[in-house]
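Q: Please take a close look at a single part of this structure, the nonpolar core, and explain how its surroundings relate to it. A connected account for a reader new to the structure would be welcome.

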Amino acid sequence: MKWNKSAQGAIGQIKDRQYASGIQDYTGAILLVGINYDRETKAHSCAVELWKKGSMLKGGNFRNL
């Protein structure tokens, strides 16, 4: 989760810091979810990517106004 940044930046942090390494033996798909909260507008945005064994399969960005 990020504050006043970007949901895609939160996804980048998950990848950069290798948060998924704690479940490296898991064989199924993993959803990476990044959320941003804009303190001024109170809007949330999120980015979702389907991750499986080191490769990005799909991605989508959703915005909740």
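**The nonpolar core and its surroundings**

A: The largest nonpolar core consists of eight residues, namely A7, I11, I14, A20, I30, L32, A47 and W51. Two or more of these residues come from each of helix 1, strand 2 (30–37) and strand 3. Helix 1 gives the most, with three residues. The model in which this core is found is a predicted one.

To place the core, the overall arrangement may be set out. The protein has one helix and four strands, and along the sequence they follow the pattern β-α-β-β-β. Of its 65 residues, 25% are buried. Its accessible surface comes to about 4,800 Å², and carbon and sulfur atoms account for 52% of that surface. Among the contacts between residues at least 6 apart in sequence, 39% join residues at least 24 apart.

The helix deserves attention at the outset. In helix 1 the buried residues are A7, A10, I11, Q13 and I14. Viewed down the axis of helix 1, these buried residues fall within an arc of 155 degrees, so they line one face of the helix. A general property of such helices is relevant here: an α-helix has 3.6 residues a turn, so residues three or four places apart point the same way. Among the buried residues of helix 1, A7, I11 and I14 are also members of the core.

Strand 2 may be considered next. L32 lies in this strand and is buried, with a relative accessible area of 6%. L32 and A10 are separated by 22 residues in sequence, while their C-alpha atoms are 9.3 Å apart in space. I30 is likewise found in strand 2, and its relative accessibility of 10% counts as buried. When neighbours within four places in sequence are left aside, I30 is in contact with I23, E49, L50 and W51. Of these contacts, W51 is itself a member of the core. The C-alpha atoms of I30 and E49 are 8.3 Å apart, although the two residues are 19 apart in sequence.

E49 leads from the core to a polar interaction. A search of the whole structure finds one salt bridge. In this salt bridge the side chains of K15 and E49 meet, at 3.0 Å from N to O. K15 lies in helix 1 (residues 7–16) and E49 in strand 3 (residues 44–52), so the pair ties together parts that are 34 residues apart in sequence. The two partners have unlike surroundings: K15 is partly exposed, at 36% relative accessibility, whereas E49 is buried, with a relative accessible area of 10%. Helix 1 and strand 3, the elements that hold this pair, are both among the elements that give two or more residues to the core.

A further link involves strand 2. One aromatic pair is found in a search of the whole structure. W3 and Y37 form this pair, and their arrangement is edge-to-face, with 5.1 Å from centre to centre and 85 degrees between the planes. The pair links distant parts of the chain, for W3 belongs to strand 1 (residues 2–3) and Y37 to strand 2, 34 residues apart. W3 is partly exposed, with a relative accessible area of 42%, while Y37 is buried, with a relative accessible area of 15%.

The loops on either side of the helix complete the picture. Most residues other than glycine have a negative phi. N4, however, has a positive phi near 55 degrees. N4 is placed in the loop between strand 1 and helix 1, and is partly exposed, with a relative accessible area of 42%. Q18, which follows helix 1, also has a positive phi, near 50 degrees. Q18 is found in the loop between helix 1 and strand 2, and is exposed, with a relative accessible area of 53%.

Taken together, the core draws on helix 1, strand 2 and strand 3. The salt bridge of K15 and E49 joins helix 1 to strand 3, and the aromatic pair of W3 and Y37 links strand 1 with strand 2.

Conventions
Residues numbered from 1 in each chain as written. Predicted model: local features only at pLDDT ≥ 70, side-chain atom pairs only at ≥ 80, totals over all residues. Heavy atoms only, no water. Buried < 20%, exposed > 50% of the residue type's maximum accessible area, 1.4 Å probe, protein only. Contact = heavy atoms within 4.5 Å. Areas by Shrake-Rupley, 256 points an atom, 1.4 Å probe, with all protein chains shown as cover. Salt bridge = Lys/Arg side-chain N within 4 Å of Asp/Glu carboxyl O. Arc of directions from axis to C-beta. Core = buried A, V, L, I, M, F, W, Y, C linked by side-chain atoms within 4.5 Å. Phe/Tyr/Trp six-rings, centres within 6.5 Å; stacked < 30°, edge-to-face > 60°.
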